Amino acid sequence: MAFESLTDRLQVAMSKLKKKGTVKEEDVKEMMREIRLALLEADVNLQVVRGFTKRVGERSIGVEILESLNPTQQIVKIVDEELTKVLGSEAVELNKSPKIPTIVMMVGLQGAGKTTFVGKLSNFLKKNEKARPLLIAGDVYRPAAIDQLKVIGQQLDIPVFDMGTDTDPVEIVRRGLEQAKENKNDYVFIDTAGRLHIDEPLMDELKRIKEFAQPNEILLTVDAMTGQDAVTVAQSFNEQLDVTGVVLTKLDGDTRGGAALSIRAITGKPIKFIGTGEKLTDVEVFHPDRMSSRILG
Ligand code: GDP
């Protein structure tokens, strides 16, 4: 599971303080050095590590804390609060349209878990809100991607709109949205093409779809297993498409977790959901405070 080694390292760093009767400034500095190393090893972006350790250090070295009865607990609390801030402070809900349908456009590199997530979130909404979503198959480059979406739709009993691979994606989206209006679907998910790497034709196509569909939400799916790359990918997609939220997948894997800790700070966009497995029920709303507690163990 993600964060195991980071959690161990942070606990060791902080437990050294617990053994001290009084906490001195140099003890805090030593702890901060170890926290900094632990975060860097977990693949957290350097800029994010710097900002985080600076804030924790400044708050921890305050005299009141050092003179208080239980400085260690207070310092752990500061680390927790600052980590929660890095992760975005509050959970951020899906943007919804005042009138149906709410249009959610999914973007991301191939293999990030985009199509799986369309299934996960539409299933989540169907269960929790009795929603009636429509899924639009907009990846016209990979017939397998269309089939995959159809299989997911069948499993969940959710309709999938597709026009094969020979039609322009914007036209597919136009027709799909018409069908959604006719059938009064309350959510529409547009699954778009991904590539192994970001390229201009892909971005241009995504921009055209965005322009036409005017989605309420553009969710970028990134693979947490790819570490720093996930952050770079998130930055480029965000620059080009001004995404509204991030979905972090594969947090169940053997990832060092750094992407989760860097993405919000680097892109300024909220992580809204996390994927925690291959099953269509393996999805959670992202809560920064819970994630911080999980990391600190
Ligand atoms: P897409 O190309 O972005 O649409 O990616 P897919 O949805 O096809 O997913 C690529 C692979 O990642 C598939 O084998 C999925 O089962 C797997 N996958 C997706 N989300 C998760 C997740 O949260 N955890 C794990 N372990 N695997 C996932």
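The exercises below work through a predicted model of one protein.

Residues are numbered from 1 along each chain as its sequence is written, and side-chain values use heavy atoms, with hydrogens and water left out. Because the model is predicted, local features need pLDDT of at least 70 and side-chain atom pairs count only at pLDDT 80 or more, while totals for chains, interfaces and linings use all residues.

**Exercise 1. State how many helices and strands the protein has, and what share of its residues is buried.**

Step 1. Helices (H or I, at least four residues) and strands (E, at least two) are DSSP runs, numbered from the N terminus. The protein has 12 helices and eight strands.

Step 2. Buried means under 20% relative accessible area, exposed over 50%, and partly exposed in between (1.4 Å probe, protein chains only). Of the 297 residues, 53% are buried.

**Exercise 2. Compare the span of helix α1 with its expected span, and find where its buried residues lie.**

Step 1. The expected span of a helix is 1.5 Å times one less than its number of residues. Helix α1 (residues 4–18) has 15 residues and should span 21 Å; its end C-alpha atoms are 21 Å apart, which agrees.

Step 2. L6, T7, L10, A13, M14 and L17 are the buried residues of α1. They fall within an arc of 135 degrees seen down the axis, so they line one face of the helix. The arc is that of the directions from the helix axis to the C-beta atoms.

Step 3. On the other side of α1, E4 and K18 are exposed.

Step 4. The cover over the buried residues of α1 includes α2, α5 (71–86), α11 (258–267) and α12 (288–296).

**Exercise 3. Do the same for helix α2.**

Step 1. Helix α2 (residues 25–41) has 17 residues and reaches 25 Å from its first C-alpha to its last, close to the 24 Å expected.

Step 2. D27, V28, M31, M32, E34, I35, A38 and L39 are buried in α2. Their arc around the axis is only 165 degrees, which puts them on the same side of α2.

Step 3. After α2 comes D43, with a positive phi near 75 degrees.

**Exercise 4. Decide whether D191 is buried or exposed, and list its contacts.**

Step 1. D191 sits in strand β4 (residues 187–192).

Step 2. D191 counts as buried because its relative accessibility is 2%.

Step 3. Contact means heavy atoms within 4.5 Å. Leaving aside neighbours within four places in sequence, D191 is in contact with K114, T115, V118, I136, A137, G138, D139 and L149.
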